[in-house]
Amino acid sequence: MERFTVLTGVVAPLDRANVDTDQIIPKQFLKSIKRTGFGPNLFDAWRYLDEGRPDRPDAGRPLNPDFVLNQPRYKGASILLARENFGCGSSREHAPWALAEYGFRAFIAPSYADIFFSNCCKNGLLPVTLTDAEVDRLFHEAAAFPGFRLTIDLEKQTVATPDGGEVGRFDMDPFRKYALLNGLDDIGLTLRHADKIRAFEERRRSEQPWLFG
């Protein structure tokens, strides 16, 4: 997966609490097990004025002009600002897949559902937890300044404005931080020990040949 080190990007404010994974990517789009193809249907029920269906193309569907991601000022946003308990509901990994394909690399919220938080980290996305007061401030600034941008530095565990003004600091489990900084998902972490795995299999084949026919 792609490494996460420092990200500077436009912030899109999604001012809703308890956003669940079915709202992030509705259940009718979960038939595919590929990691691609979900971006056009991110927040489908909110982005469009008609009902989304997997057997119908998204091109030409009427957009909801009131939804934040359809507003020109937030075009190209890579940081999503959210309220508490973001990513609650079912444990579908399709939710971070859809968010990533849309273009988001990081999230800022007061809290997340545990499984969603874990799924984000395993897919190269950084969920940042700040205090309610810090998040409130960011919502005000995102509304007040078109093109509002932030810089998230994973190594330093800081969120700042591009001119260096610190907004807040966040905690991150050292193991997850290591994996994100080095672009290692579960498979990548395992393959770091490929030589030892091969040596074990060769030794097992020699010592227990009956297991291999």
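**Figure 1. Overview of the predicted chain.** The accessible surface of the chain comes to about 11400 Å², and carbon and sulfur atoms hold 52% of this area. The model shown here and in the other views is predicted. Eight helices and seven strands make up the regular parts of the chain. Along the principal axes, the C-alpha atoms fill a box of roughly 70 × 45 × 25 Å. Of the 213 residues, 46% count as buried. Among contacts with a separation of 6 or more, 65% are between residues 24 or more positions apart.

**Figure 2. The open sheet of seven strands.** The strands lie in the order 4-3-2-1-5-6-7, and their pairing is mixed. Strand 4 and strand 7 (166-169) stand at the edges; each has a single partner strand, so one side of each has no neighbour in the sheet. From one strand to the next, the twist averages 25 degrees. Helix 5 (residues 132-144) packs on this sheet and touches strand 1 (6-13), strand 2, strand 3, strand 5 and strand 7. The direction of helix 5 makes about 145 degrees with that of strand 7.

**Figure 3. Strand 5 and its two partners.** Strand 5 (residues 149-153) runs antiparallel to strand 6 (residues 158-160), and three bridges join the two. Strand 1 is also antiparallel to strand 5, with five bridges between them. Thr151 can be used to find both pairings: Thr8 stands opposite Thr151 in strand 5, and Thr151 in turn stands opposite Ala160 in strand 6. Strands of a sheet pair through backbone hydrogen bonds, in either a parallel or an antiparallel way. Four of the five residues of strand 5 are buried, so the strand is largely enclosed by the rest of the structure. The hairpin of strand 5 and strand 6 has four residues between the strands, and Gln157 in this hairpin takes a positive phi near 60 degrees.

**Figure 4. Helix 4 and its surroundings.** Helix 4 (residues 114-122) has these buried residues: Phe116, Phe117, Ser118, Asn119, Cys120 and Cys121. Their cover includes three helices, namely helix 1 (21-24), helix 3 (94-102) and helix 6 (174-182). Strand 3 (106-109) and strand 4 (126-129) also help to cover them. Just after helix 4, Gly124 has a positive phi of about 80 degrees. Phe116 also belongs to an aromatic cluster, together with Phe86, Tyr102, Phe104 and Phe107.

**Figure 5. The aromatic pair of Trp46 and Phe67.** The whole structure contains ten aromatic pairs. In the pair of Trp46 and Phe67, the ring centres are 6.1 Å apart and the planes make 50 degrees, so the pair is tilted. Trp46 lies in helix 2 (residues 44-47), whereas Phe67 lies in the loop between helix 2 and strand 2 (79-81), so the pair ties together parts that are 21 residues apart in sequence. Buried means under 20% relative accessible area. Trp46 counts as buried because its relative accessibility is 15%. Phe67 counts as buried because its relative accessibility is 2%.

**Figure 6. Two arginines over aromatic rings.** The charged end of Arg83 sits over the ring of Phe139, 3.9 Å from the ring centre. Arg205 lies over the face of Phe212, and here the distance to the ring centre is 4.2 Å.

Note on methods: Residues are numbered from 1 along each chain as its sequence is written. This is a predicted model: local features need pLDDT of at least 70, side-chain atom pairs count only at pLDDT 80 or more; totals for chains, interfaces and linings use all residues. Side-chain values use heavy atoms; hydrogens and water are left out. Buried means under 20% relative accessible area, exposed over 50%, partly exposed in between (1.4 Å probe, protein chains only). Contact means heavy atoms within 4.5 Å. Rings of Phe, Tyr and Trp (its six-membered ring) pair if their centres lie within 6.5 Å; planes under 30 degrees apart count as stacked, over 60 as edge-to-face and the rest as tilted. A charge sits over a ring if NZ of Lys or CZ of Arg is within 6 Å of the ring centre and within 35 degrees of the ring normal. Two strands pair if DSSP finds at least two bridges between them. Axes are lines fitted to C-alpha atoms, for helices over the stretch in contact, and angles run from 0 to 180 degrees between N-to-C directions. Accessible areas come from the Shrake-Rupley method with a 1.4 Å probe; for residues, only the protein chains shown count as cover.
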